[in-house]
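Student: Please take a close look at a single part of this model, the place where one chain meets another. I would like one connected account that then moves outward from it to the individual side chains.

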Amino acid sequence: MKNIIIPGRRIARELLILIGCVVIALVVNIYAILKYKTEWKELVTTLHITIVLGVIIYIALGIVRLILAGAARLFRRKVG
Amino acid sequence: MNPAATILRRASNGDMKHDSTPSPPVLNELTHRREFLKRLAVIAGSTALLAEMPWWSPLRAAPPGDSPADRVRVGLVGVGSRGNLHLTNLLRTPGVEIAALCDDYDPHLQAGLAKVPGAKGFSEYRKMLDMPGLDGVVIATPLNLHAQMCLDAFSAGKHVFCEKSLAYTIEECQAIANAYRGSKKVFQIGHQRLFHPPYLRALEFARRGEIGDIKQIRAYWHRNGNWRNPCPSPELEHRLNWRLYRAYSCGLMTELASHHIQVANWFLEAHPLSVVGYGSINFWKDGRELYDNVNLVYRYPNGVHVIFDSLISNRFYGAEVQIMGPKGTIEGETGRLFAEKPPPAPGIVQLINSLEHGLFETIPIGGPSWVPDLKKDTKGIVLGNEHTGDDGSYLEIVAFANAIRRNEPIPNMMEQACLSGVAVLMGQTAMEQGREVTWPSDFKV
């Protein structure tokens, strides 16, 4: 069986991307509060929704990244 | 201020869970109850609470001690289904001694005496009233017997707890009210919703203007069953199934409607001006005389109507009292408030919903331009989270016992009894005579 080694740098990069996604979700929440004129306490009370939204964004981004990486590998193979 | 809910939440603190265990009192349970009543007494002294619900005043009393002077000796007349519930609650009430039981149906009497071995048994209530040392009586008999028993009990100098509805005729209601006025004795009516936490909370919300001015009350009580008790022989039919026969009762009106009409009077702070209605026997055609379905409209001051219906051939909707105002609806039986304009969802939820609708919702072209007025599918707000396990039947007994011990009347109780008692009799007459029946102008509480 082949061992897959994920380097520490890769893990740190993925964590940073996930945190970035949660921050984007937080910004979306701020936009929603301003747009619908609701209360600022929702930043705390809807934190669970923000986190779930962040994870959804991360997964969606992951799919896009996978497609792009696949396309890049295919392109490199054709060129090579 | 949140009088009722605060009281029950702070006072119960888990102790009242013992209510769900229908067992004879044990020392531990009575100790728990004393603790509960002690806390209740402290909080029930609040001025705000007593202004809104003066009949709670006996609950201010600290729980009794063990001295004989603190004991209240009561007799129970009628040990049938409701009587048995009172018996259980009396046994659970600290400082109450069930000195006597009375029932002219011996199997009921013997079953009651088996639960209270020290009590003296009677088959004739007048003999029970003559028993020395008896402080009060609890009357849980067929409706047609209430008036004479109340009058005799007052004459004998006893305090009276009478099951609802008050009496069989309006004249009898008046006679009881008159006798009470002259007696200076305690009177309690078996309208347990006056002591039921969800209703107390509902009243608080209504008074606070959460639903706006009450514009309509719709009440219904639906069951599916023949409403019969097991009858060992045909000659006992009328005695055991008295709720089905006109000589003893007004059936659905006095046994069920009286509760909801009492709530309506209470919330509207008024009595009905008139009533119209129809009733019939359309399902249980088994020899009964009283309607198995009733439909009535009560007219109250300021153009407010109370609509009540009851049937015993379909239980889908169960029982409910819907108190409606322009800003919301309160459902008393389930203790919920439904705002007409509920608070908006959080901004982020609205944004997600908006995106979802934009992406997936089809845009109707040339379709219907109206939305059907179907029931709003909202869960509403729960009115309080008091899990006392009591529908008010226990606290009304405690209030009765405390009032006897303090020898002070329960404020407003006869008024509540008369207003609902008369209103349901008006309803029965309206249905039987097929006419509008107005409030008897000469009736005085």
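Tutor: Contact here means that heavy atoms lie within 4.5 Å of each other. By that rule, and bearing in mind that this is a predicted model, the contact draws nine residues from chain B and 13 residues from chain A. About 790 Å² is buried between chain B and chain A, and carbon and sulfur atoms give 80% of that area. On the side of chain B, the residues that lose the most area to chain A are B:G347, B:I348 and B:L351, which together account for 61% of what that side buries.

The chemistry of the interface can be read from its polar pairs as well as from its area. The search for salt bridges across the interface of chain B and chain A finds zero, while the search for polar contacts there finds one residue pair, with both residues at pLDDT 80 or more. The residues on the side of chain B that touches chain A divide into six nonpolar, three polar and no charged.

As background to that interface, chain B contains 14 helices and 15 strands. Of its 445 residues, 54% are buried, and the chain exposes about 19900 Å², with carbon and sulfur atoms supplying 54% of that exposed area. If one takes the contacts in chain B between residues at least 6 apart in sequence, 72% of them join residues at least 24 apart.

Salt bridges are found elsewhere: over all chains, a search of the whole structure finds 23 of them. In chain A, one of them joins A:E14 to A:R10, with the closest N and O atoms 3.9 Å apart, a distance that falls inside the 4 Å limit of the rule. A:E14 and A:R10 are separated by about one helical turn, because they are four residues apart in helix α1 of chain A. That helix spans residues 8–36 and is where A:E14 has its place. With a relative accessible area of 16%, A:E14 is buried, whereas A:R10, at 45%, counts as partly exposed. The side chain of A:E14 also makes a polar contact of 2.5 Å with the side chain of A:R65. Leaving aside residues up to four places away in sequence, A:E14 touches A:Y58 and A:R65.

In chain B, the side chains of B:D152 and B:R126 meet in a salt bridge of 3.2 Å, N to O. This pair links distant parts of the chain, since B:D152 belongs to helix α7 (residues 143–155) and B:R126 to helix α6 (residues 125–129), 26 residues apart. B:D152 has a relative accessible area of 17% and is therefore buried, while B:R126 counts as partly exposed at 39%. Another salt bridge in chain B brings together the side chains of B:R406 and B:E408, at 3.3 Å from N to O. Here B:R406 is partly exposed at 35% relative accessibility, and B:E408 also counts as partly exposed, at 21%; the cut-off matters for B:E408, because buried means under 20%. Elsewhere, salt bridges that share partners join B:R201, B:E204, B:R208 and B:E210 into one network.

Two further residues of chain B complete the picture. B:N402 is found in helix α13, residues 393–406, and is buried, with a relative accessible area of 6%. The side chains of B:N402 and B:R405 are joined by a polar contact of 3.0 Å. When residues up to four places away in sequence are not counted, B:N402 touches B:P58, B:L59 and B:A61.

B:G279, by contrast in its setting, lies in strand β8, which covers residues 274–280 of chain B, and it counts as partly exposed at 23% relative accessibility. Not counting residues up to four places away in sequence, B:G279 touches B:Y291, B:N293, B:V294 and B:M431. The C-alpha atoms of B:G279 and B:L129, residues that stand 150 apart along the chain, are separated by 39 Å.

Note on methods. Residues are numbered from 1 along each chain as its sequence is written. Chains are lettered from A and ligands numbered from 1 in the order in which they are written. This is a predicted model: local features need pLDDT of at least 70, side-chain atom pairs count only at pLDDT 80 or more; totals for chains, interfaces and linings use all residues. Side-chain values use heavy atoms; hydrogens and water are left out. Helices (H or I, at least four residues) and strands (E, at least two) are DSSP runs, numbered from the N terminus. Buried means under 20% relative accessible area, exposed over 50%, partly exposed in between (1.4 Å probe, protein chains only). Accessible areas come from the Shrake-Rupley method with a 1.4 Å probe; for residues, only the protein chains shown count as cover. Buried area is the accessible area (1.4 Å probe) that two parts lose on being put together, summed over both. A polar contact is a pair of N or O atoms within 3.5 Å; within protein, one must be able to donate a hydrogen and the other to accept it, and residues adjacent in sequence count only if both atoms are side-chain atoms. Ala, Val, Leu, Ile, Met, Phe, Trp, Tyr, Cys and Pro count as nonpolar, Asp, Glu, Lys and Arg as charged, and the others, Gly among them, as polar.
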